[in-house]
Amino acid sequence: MSGGGGGSSSSGPSPPPEDAWRVSYRELQHRWHSITPSQRALIPISISRVNQFDAARLDIEMSAMLKEQLVKVFSLMKPGMLFQYEPELDAFLEFLIWRFSIWVDKPTPGIGLMNLRYRDERASESRGKVRTGLEGSGLTVGQKIWYCIASVGGQYIWARLQSFSAFRRWGDTEQRSFVRWAWLLLQSVEGLYKAASFGNLLVFLFTGRYRTLIERVLRARLVYGSPNMNRAVSFEYMNRQLVWNEFSEMLLLLLPLLNSSLIQNLLRPFSKDKNKDSKGDDSSCPICQNSPSIPFLALPCQHRYCYYCLRTRCSAARSFRCSRCNEPVVAMQRHNIPTGNPSSGK
């Protein structure tokens with residue numbers, strides 16, 4: 001037993017030879033040189049789908065901010081003047097963003113904040129040297145021009161067609177056959193585009209490539225601009241804004257349902273002016289703060305009011321409480337009349 005135990009303790013893993021690292025390096029180097037350049041280029045990279053969607057949303061918000069500032073410039077002009085030129089205004093802003101971002105090989109504001117850039121996927125597939133999988137040239141001049149035509153010009157033409165067809169009532173059954181056929185053609189094209197966009201969305205969620213049909217046709221893929229850079233957007237402000245919006249909507253929903261006079265009466269015992277109200281001048285009406293022209297007493301507390309003030313409050317609220325002592329008012333009587341003959345209460 002002791003011999004067996006001693007043998008097991010001495011038979012441990014032997015240390016590697018001194019030249020093991022060199023042998024492994026030569027073997028891996030031989031394998032690397034045996035791989036063709038086309039196989040080396042196929043390094044799978046995964047681009048966050050959330051980053052790509054956030055980049056598109058940020059670009060939309062940026063366009064809305066620019067449009068808001070541009071509309072304020074014409075705020076003193078004739079109202080509604082810019083409404084008929086809204087498609088041209090949107091196309092002009094989109095063209096400015098394209099001109100100073102994609103055309104000069106720079107990312108759009110949203111794409112830049114998400115640490116992304118456009119890459120020509122056709123050129124990246126034929127490259128030879130690969131280090132991180134993010135290498136590759138930007139878009140070509142042709143891709144940039146077609147991107148502008150499709151995104152800026154296409155949206156402008158489609159918006160104008162929709163407004164023109166709606167104004168001319170192409171969809172009415174009383175129109176001529178040619179106009180009716182053109183309307184059906186527009187509806188069919190819109191349906192096909194939406195179906196193709198939905199299919200592209202499903203493929204994008206599965207593969208993470210080409211979030212829009214324009215990017216898929218042009219082979220313009222979004223990749224990380226820097227492999228060691230995180231996205232430069234903090235969601236702290238967005239979270240605070242969402243909480244405040246939900247809180248304000250809840251207040252707008254609940255406040256009309258609450259009785260302000262009831263809340264005021266409930267909070268009156270805790271107010272700082274309680275002693276002031278109780279010890280104040282009883283000769284003035286607590287509602288209008290003037291000397292009662294036709295003095296009436298609220299029963300049973302016998303505080304003096306104007307007839308019209310007290311009568312109006314009692315008619316508006318059946319459970320009216322005295323503004324001085326917060327006691328329910330059950331009846332009212334004219335001042336300087338014996339207590340045993342009160343007038344009709346409420």
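Colleague: Which helix has the lowest mean pLDDT among the elements of the protein chain, and which the highest?

Modeller: Helix α13 (residues 274-278) has the lowest mean, 45, and helix α10 (residues 213-218) the highest, 93. Here pLDDT is the predictor's confidence in each residue, on a scale from 0 to 100. This is a predicted model, in which local features need pLDDT of at least 70 and side-chain atom pairs count only at pLDDT 80 or more, while totals for chains, interfaces and linings use all residues. Residues are numbered from 1 along each chain as its sequence is written, and side-chain values use heavy atoms, leaving out hydrogens and water.

Colleague: What is the average pLDDT of the protein chain, and over which residues is the pLDDT below 50?

Modeller: The average is 77, and 75% of the residues score at least 70. The pLDDT is below 50 over residues 1-9, a stretch with zero contacts beyond near neighbours in sequence; a contact means heavy atoms within 4.5 Å. Residues 338-346 also stay under 50, yet the model gives them 24 contacts beyond four places in sequence.

Colleague: What makes a run of residues a helix or a strand?

Modeller: Both are DSSP runs numbered from the N terminus: helices are H or I over at least four residues, and strands are E over at least two. On that basis the protein chain has 14 helices and five strands.

Colleague: Why is Ser-63 called buried?

Modeller: Buried means under 20% relative accessible area, exposed means over 50%, and partly exposed lies in between (1.4 Å probe, protein chains only). Ser-63 has 12% relative accessibility, so it counts as buried. This residue belongs to helix α4 (residues 49-73) and, residues up to four places away in sequence not counted, touches Leu-93, Glu-94 and Ile-97.

Colleague: Why is Gln-187 called partly exposed?

Modeller: Its relative accessibility is 35%, so Gln-187 counts as partly exposed. Gln-187 lies in helix α9 (residues 177-207).

Colleague: What makes a set of residues a nonpolar core?

Modeller: The members must be buried Ala, Val, Leu, Ile, Met, Phe, Trp, Tyr or Cys residues, joined through side-chain atoms within 4.5 Å. The largest such core has 18 residues, of which Ile-102, Ile-111, Leu-116, Tyr-118 and Tyr-147 touch the most other members. Two or more residues come from each of α5 (86-99), β1 (116-120), α8 (141-168) and β2 (220-224). Another core, of 13 residues, lies apart from it and includes Tyr-305, Cys-306, Phe-320 and Cys-322.

Colleague: How many strands are in the open sheet, and what is their order?

Modeller: The open sheet has three strands in the order β4-β3-β5, with antiparallel pairing. Two strands pair if DSSP finds at least two bridges between them.

Colleague: Why do β4 and β5 stand at the edges?

Modeller: β4 (303-306) and β5 (331-334) each have a single partner strand, so one side of each is left without a neighbour in the sheet. Four bridges join β3 (residues 295-299) to β5, and four join β3 to β4. Each count meets the requirement of at least two bridges, so both couples are called pairs. Phe-296 has Tyr-305 as its bridge partner in β4, and Ala-298 has Met-332 in β5.

Colleague: How many residues of β3 are buried?

Modeller: Five of its five residues are buried, and β3 is mostly covered. Pro-295, Leu-297 and Leu-299 point one way, while Phe-296 and Ala-298 point the other way. In a regular strand the side chains alternate between the two faces of the sheet.

Colleague: How many disulfides does the structure hold?

Modeller: The structure holds zero disulfides. A disulfide is a pair of cysteine sulfur atoms within 2.5 Å. The cysteine sulfur nearest to that of Cys-301, in Cys-322, is 3.7 Å away, so the pair does not meet the cut-off.

Colleague: Why is the sulfur of Cys-309 in no bond with that of Cys-288?

Modeller: The two sulfurs are 3.9 Å apart, which is too far for a bond, although Cys-288 holds the closest cysteine sulfur. Cys-309 itself, at 18% relative accessibility, counts as buried. Cys-301 also counts as buried, at 18%.
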